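Good morning, colleagues. Thank you for making time for this short presentation; please look at the sequence and the structure as they appear.

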Amino acid sequence: MQDIVPILLGTAGLLALVSLLPPLAQRLRMPFAVLLAAFGVALGSVIHGAAAIKGLGPLGDFFTALRGFDLTSEAFISIFLPILLFETALAVEVRRLMEDIGPILLLAVVAVLVTTLVVGFSLWAFTGIGLIACLLLASTLATTDPAAVIGIFRDLGAPRRLTMLVEGESLLNDAAAIALYGLLLGMLTGGQEADVWKATQAFVWSFGGGMAAGWACGRLMCLVVTPMRNLPLAEITLTVALAYLSFILAEHYLHVSGVVSVVAAALVVGSVGQTRISPETWGGLVQVWRQLGFWGSSLIFVFAAMLVPSILSGLSLADFGLLMVVVVAALVARGAVLFGLLPVLSAMGAADRVSHAYKAVMTWGGLRGAVSLALALAISENPDISLEVKRFVAVLATGYVLFTLFINGTTLRPLMRLLRLDRLPPAELAMRNRALALSLSNIGESVQVVARDYRIEPALSQEVADRYARRLAEIGELTQGPSHGLTERDNLYIGLSILATREEELYLKHFREGIISRTLTEILTERAGWLLDGVKTSGLAGYEHAARKAIKFSRQMRWAMRLHRWLRFDRPLARRLAIRFEALLIQRLVLRELTAFNERKLAPILGRTSANELGGVLERRLMMIEQALAALKLQYPDYATALQRQYLGRAALRLEEAEYRTMNAESIISQEVFNHLERDLDLRRRQLETPPRLDLGLDLAELVARVPIFQGLSQERLRGIARVLKARLALPGETLVRRGERGDSMYFISSGAVEVLVPWLQEPVHLGTGDFFGEMALLDGQPRGADVRALGYCQLLVLDERDWRRLIERDPDLKTHIRNVAEKRRAPAPVET
Ligand code: CMP
């Protein structure tokens, strides 16, 4: 066993040095990875070049320790990769990833395959090394590190969907490339035959199996973590354990891809787990993972880069030539995918249209990073691989990673300047100036007030205020010019984008305050995301379209409806309706907050006309929501009260907690007392967590009693009728009977209202509680004569044709009554019913 002290000295010393790099990267405006690699190479040269590092005390020991570091390939893969991948996957917004999973998966898998094949075959053509070894090397280079491009996209404010595409692609291409790498390695070391069909099967098995294993591990963790609420130390520890366990279980026990399993487990934690892990813990958890990811990637980089001087010291011209082959082949492969596949995806509507400038940046910005290095290092440590191949992989992989970092990485920003991607569009520039002008004028005034409070000499404060006034004047000139003014359309566009973003923030704020659940927050923030995407693609029309889509009945609701109708399984429907109720209530609250925000913050920046227009847009949304809410309340008034009571209770708890916190901060109550009070609060909070159960109110006896036609019948007859009737809930706008279809049942309205669209009448006929419809088709054996649509939520009683015949045969009075009503309805003039 190695002595532990040198290992600790080496690692801790490296971490200390690495921690100095982020501030430097910020100052030099360089991607962090580039600096890290440069630092590693420099360190490697010092270690390998200087013989006289002894006698320097701890510093000498540090260098000796680094030189003696002997990390096996197993250690590289097993220690660092799970951490790196888990961290990246955790940071991905799973919901958005899932929305575009098709194109992302396609892009990731296709890009990996294309790169591996193009680079592999190009190398094979130029060297005497076997094809499998060439493909193996190419597979290590097929992963891209998105950090640099994503960072720049964020600075530029690139469309969110594009950023997601790049982020998702690089996450899944890591998994795909590593799975492919595992297969090729097996072929190379195990002497398996290169059979394309078998390889494809093995790849699919390994990838799919890894997904399933990771998913199962993630779900299991969610089960275990649920009872640990508010115990951040335990909750976070469990996620760290999950990263390694999901990897080892898949890789060593199930023999499927371990890395894919880690990614899947992290995605489950990022989606389902978020609802199980307490909100207070979530922030801490993300922080811990960012920290671990930083350590992992920094150490991999430095370790690998340290080897560079010795690897490259024997670099021949031929090696250099091969490196150029890799550079060109990889660029061509990436360019082919982005310029060839992306437009196809956009044409199919599966991805946003991406401008050539963006595609060029994405091609050039395909930097390779820690994952490529880790894989290449693992090969160079593998005892089953020939020395020649090892050297080949080590030289080319390291050389290529360094090339992308030092050449592509440092020229990415200049390229963007060249493509004019670094400029704020005129609209945003004008917006920036207006915001600046507004805040400067506010600050100018506030400075005077502060100066008075602090008894600072007026001359001094005047000096500061003058400085602000001068800047204000400069900006004033900028905003005056006609080319810098904003048109009304620009204003509206900017205003809507701000409103949509603000809306998302408000939902998150209510979530953090414990007012709404995470499930609801996810649903609502997703809808706010639709609004933003809508604005970006087609302005006001896009926003309003997204708003209408957001209020429609969701796909889940329609499925729940089918379960209710076909299988009489009502729980999902009740749950969906409860969620809709809550969503509408919160949307109403947030829209009111947005209206105030528009008046207070946007009106001064965008001007009165635009603010009025934005106000109108919000008002229209509010009306839609009020209508939808009114329909629900009409049917379930008690539930509305129960929900509102619950919200009030939660808000009260939040106020109570804030009060305790202040008292604790002001030392009025001790920490112990505070903790005690917190526990009590926690208990009450939990009671308020479970939403009240929504009763669909489909009790047959009650519903039958509300239909006048059945009144006056004996108890026994009523019981008999109730046995053959089926209770059904109809949603507003749902078509219950369609003209021209065959009639197979008749409906009684126990509550609610429907409209009948009779072809020869101009106005629809309204039927309400106690009425019936659908009788004509049964009486005449003709197709349905009109469309019937639910106006609000309706409780209906449905009677099938067979039972209907039996019923009217036994009850001639009923038959006559139904026949009379039908006759009247047939009359050409509109009939009162
Ligand atoms: P049916 O033809 O089976 O399907 C459509 C139903 O609409 C029809 O039965 C009646 O129940 C109802 N309907 C048709 N015309 C009118 C009308 N003029 N007034 C009220 N209801 C009607």
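I shall speak about the ligand and its surroundings, and then about a sheet.

Please bear in mind that this is a predicted model.

Let me begin with the ligand. Its shell consists of 14 residues, and the closest among these are Gly-774, Glu-775, Ala-777, Arg-784 and Gly-785. By class, the shell contains nine nonpolar residues, two polar ones and three charged ones. Helix 30, which covers residues 775-780, supplies three residues, the largest share of the shell.

Which residues bring N or O atoms to the oxygen atoms of the ligand? Gly-774 does so through its backbone, where a polar atom is 2.7 Å from a ligand oxygen. Arg-784 uses its side chain instead: an N or O atom there is 2.7 Å from an oxygen atom of the ligand. Gly-785 places a backbone N or O atom 2.8 Å from a ligand oxygen. As for the surface of the ligand, it exposes 460 Å² when taken alone, and the protein buries 98% of that area.

I turn now to the sheet. It is open and has four strands, in the order 1-8-3-6, with antiparallel pairing. Strand 1 (726-730) and strand 6 (772-773) form the edges, each pairing on one side only.

How many bridges join strand 3 and strand 8? Strand 3, residues 745-751, and strand 8, residues 794-800, are linked by six bridges in the antiparallel sense. Met-746, for instance, has Leu-799 of strand 8 as its bridge partner.

That concludes my presentation. Thank you for your attention.

Notes: Residues are numbered from 1 along each chain as its sequence is written. This is a predicted model: local features need pLDDT of at least 70, side-chain atom pairs count only at pLDDT 80 or more; totals for chains, interfaces and linings use all residues. Side-chain values use heavy atoms; hydrogens and water are left out. A residue is near a molecule or strand if one of its heavy atoms lies within 4 Å of it. A polar contact is a pair of N or O atoms within 3.5 Å; within protein, one must be able to donate a hydrogen and the other to accept it, and residues adjacent in sequence count only if both atoms are side-chain atoms. Accessible areas come from the Shrake-Rupley method with a 1.4 Å probe; for residues, only the protein chains shown count as cover. Helices (H or I, at least four residues) and strands (E, at least two) are DSSP runs, numbered from the N terminus. Ala, Val, Leu, Ile, Met, Phe, Trp, Tyr, Cys and Pro count as nonpolar, Asp, Glu, Lys and Arg as charged, and the others, Gly among them, as polar. Two strands pair if DSSP finds at least two bridges between them.
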